[in-house]
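Student: I have a model open on my screen and I'd like to learn how to read it. Could you walk me through a few features?

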Amino acid sequence: MTTSPETPISPADTASSVDTAPVDVALSADSDSSPGAASPASPDLGLVMGGGGARAAYQVGFLRYLAGQFPDLKVPIITGVSSGGINAALLASHHGSFAQAVRELVSLWERLTVTEVFRVDTPSLTWIGLRWIFQLMSGGVGGAVRVRGLVDTTPLRNYLSEVLHAVDGELTGIQYNLALGRLKAVALSTSSYTTGQSLTWIQGRDLDDWTRPQRRSQKAVLTIDHVMASSALPLFFPAVEIDDEFFGDGGVRLAAPLSPAIHLGAEKILAISTRYNRTAAEAKLPDVTGYPPPAQVLGVLLNSVFLDLLDQDALRLERLNDLLRKLPPADRDNLRPVELLVLRPSVDLARLAHEFEPQLPKTFRFLTRGLGTRQTKSPDFLSMVLFQPDYIAQLIDIGEEDAKARADEIDAFIRTGNSSAAGDGSDPTV
């Protein structure tokens, strides 16, 4: 499990000649605090929320449980990518307690519908479809890009501007919480289609930018544009222009999802994945019969972009933690272990999507079925765009129940930071 630290020395720096994967974590530390001394008020807790489109509602269920147990929990470092960036933005900008912020986040998701995310009326979808056809048939004549996405996400921008209480686009609540000392830093990751780099936008106190191969950070005053860019599903949602570059979903190039939290100083990390960890027997079962439809191919691609990298990064970090624990502190070269707890669904959220697909708006449902969402047993693509209230409500409930099932482990981690990443000692990312 790994990611890179916010210090001059990191595993990536000391072993750059064997950089076989985006390794970069196992943290730097010049603080005197230790995981054993942590408490619900400890300033070193980081919250990492990944992508997955509508599946991010699962994260909200876990947070609802956590807020019930620790209503005044301090989470000074919050990072998000894709739809997890929406959750991160609200938590970082809310003026109230942790419990109050989570209640508003639950309300945000419970009121969310497909029509609050993108336009699904027949004229809009037809017009965009015709423009795509014209662009493909034009052979590039005219030079200008005519289409910027498969759907119009203006409804989501308007909705987020309202629920995040943006002032001229700015998430002013972040600066408010920074000034009060509640928040140390927040990060939203995006992918630049202009340069091909992963760019993490950071706002906080006493921060330094970092640079790694094909990824870097940049200090900024976070706005609705940053949230929209981080959550812009490739091709499906239009890219967002920021500082003369066009940005899309941060999961596309974020090879080390835990890295931003570690760079920002997290000493222990709670990471919430939306990926179900299949058993070996389940993994062998085919999701489709015959040639895979576009929906199956899209689902595999999106899983590799948004969900699989967190597992890989967590595994690298845990292995590096094990190595560091075997060394005496004097030989750790300014590195120290980072406690990690990864939460994930106990059920396949994609398979659940089948039950709720009939409630989608008629035209949009017709188009998704054309991609073959009914021909696969695990429609991952559909689950990412299924912003249906009943589906979202079930994901929130599952997230809360999964948290209850690991209550003792979560409690120990929050209070002491000494929990294992696995919870059962078998798989450090479970």
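Tutor: Sure. Let's start with a word we'll need: two residues are in contact when they have heavy atoms within 4.5 Å. Keep in mind that this is a predicted model.

Student: Okay, let's try that on a helix. What covers the buried residues of α7?

Tutor: The cover includes α3 (83-93), α4 (98-110), α5 (114-117) and α9 (224-230). The buried residues in α7, which spans residues 154-163, are P155, L156, Y159, L160 and V163.

Student: Why do the buried residues of α7 line one face of the helix?

Tutor: General idea: an α-helix has 3.6 residues a turn, so residues three or four places apart point the same way. Here, looking down the axis of α7, the buried residues fall within an arc of 125 degrees, so they line one face. After α7 comes H165, with a positive phi near 55 degrees.

Student: Now a strand. Is S192 buried or exposed?

Tutor: The yardstick is relative accessible area, and buried means under 20%. S192, in strand β3 (residues 185-192), has 3%, so S192 is buried.

Student: Which polar contacts does the side chain of S192 make?

Tutor: The S192 side chain makes a polar contact with the side chain of E245 at 2.7 Å. A polar atom of the S192 side chain also lies 3.1 Å from the backbone nitrogen of T195. S192 and E245 are 53 residues apart along the chain, yet their C-alpha atoms are separated by 6.8 Å. Leaving aside neighbours within four places in sequence, S192 touches Q197, E245, F246 and F247.

Student: And the arginines in loops? Where does R253 lie?

Tutor: R253 sits in the loop between β8 (245-249) and α10 (259-263). Its relative accessible area is 36%, so R253 counts as partly exposed. Beyond neighbours within four places in sequence, R253 contacts S191, G196, Q197, S198 and Q214. From R253 to R215, 38 residues apart in sequence, the C-alpha distance is 7.9 Å.

Student: Is R344 buried or exposed?

Tutor: R344 has a relative accessible area of 8%, so R344 is buried. You'll find R344 in the loop between β10 (339-343) and α14 (349-356), and its side chain reaches the backbone oxygen of R275 at 2.9 Å.

Student: Last one: which residues make the nonpolar surface patch?

Tutor: W127, L130, I133 and M137 make that patch, which is about 500 Å². To find the patch on your screen, go to I133 in helix α6 (residues 122-138).

Definitions and conventions
Residues numbered from 1 in each chain as written. Predicted model: local features only at pLDDT ≥ 70, side-chain atom pairs only at ≥ 80, totals over all residues. Heavy atoms only, no water. Helix = DSSP H or I, 4+ residues; strand = E, 2+ residues; numbered from the N terminus. Buried < 20%, exposed > 50% of the residue type's maximum accessible area, 1.4 Å probe, protein only. Polar contact = N/O pair within 3.5 Å; in protein donor to acceptor, adjacent residues only side chain to side chain. Arc of directions from axis to C-beta. Patch = residues over 30% accessible without salt bridge, like charges linked within 9 Å, V, L, I, M, F, W, Y side chains within 5 Å. Areas by Shrake-Rupley, 256 points an atom, 1.4 Å probe, with all protein chains shown as cover. Salt bridge = Lys/Arg side-chain N within 4 Å of Asp/Glu carboxyl O.
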